[in-house]
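Work through the following exercises with the model open beside the text, and try each task before reading its solution.

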Amino acid sequence: FYKDECNFNYFMNTKDNLHLVAEDENGIIIGSIHCTRDGDGQQINSLYVFKEFHGTGLAQELATEFDKWEDKSQDSWLGVVAYNKRAINFYEKLGF
């Protein structure tokens, strides 16, 4: 995976909604992130990367888009199932 081989497509985005889809050079979706904001803060509703692209930095790039979008004056949160240790480690590195 090389960053310049991936395209990010934004859709359904507003001040309170971020939805970003990552596609490979053939237009195949390989990852996505969806985030929402309300009066209490913002959350990452989903961040998915196809298994073949784990360890490529794609999840970090998607999380960086959240970091650019989020309102730093509000709380941010997300949920992860307890058995998904890989995701938990990833989000802990991000400061969650």
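**Exercise 1.** Find the acidic partner of Lys-68 and state how far apart the closest N and O atoms are.

*Solution.* In this predicted model, Lys-68 forms a salt bridge with Glu-65, with the closest N and O atoms 3.0 Å apart. Next, place the two residues: both lie in helix H1, 3 residues apart, which is about one turn of the helix. Finally, compare their surroundings: Lys-68 is exposed because its relative accessible area of 59% is over 50%, whereas Glu-65 counts as buried because its 12% is under 20%.

**Exercise 2.** Check whether the end-to-end distance of helix H1 agrees or disagrees with the span expected from its 12 residues.

*Solution.* Start from the rise of 1.5 Å a residue, and multiply it by one less than the number of residues. For residues 58-69 this gives an expected span of 16 Å, and since the end C-alpha atoms are 17 Å apart, the two values agree. The buried residues of H1 include Leu-62, Phe-66 and Trp-69.

**Exercise 3.** Determine which parts of the chain are linked by the pair Arg-37 and Asp-16.

*Solution.* The side chains of Arg-37 and Asp-16 meet in a salt bridge, at 4.0 Å from N to O. This pair links distant parts of the chain, for Arg-37 belongs to strand S3 and Asp-16 to the loop between strands S1 and S2, 21 residues apart. As for accessibility, Arg-37 is buried at 15%, while Asp-16 is partly exposed at 32%.

Methods. Residues are numbered from 1 along each chain as its sequence is written. This is a predicted model: local features need pLDDT of at least 70, side-chain atom pairs count only at pLDDT 80 or more; totals for chains, interfaces and linings use all residues. Side-chain values use heavy atoms; hydrogens and water are left out. Helices (H or I, at least four residues) and strands (E, at least two) are DSSP runs, numbered from the N terminus. Buried means under 20% relative accessible area, exposed over 50%, partly exposed in between (1.4 Å probe, protein chains only).
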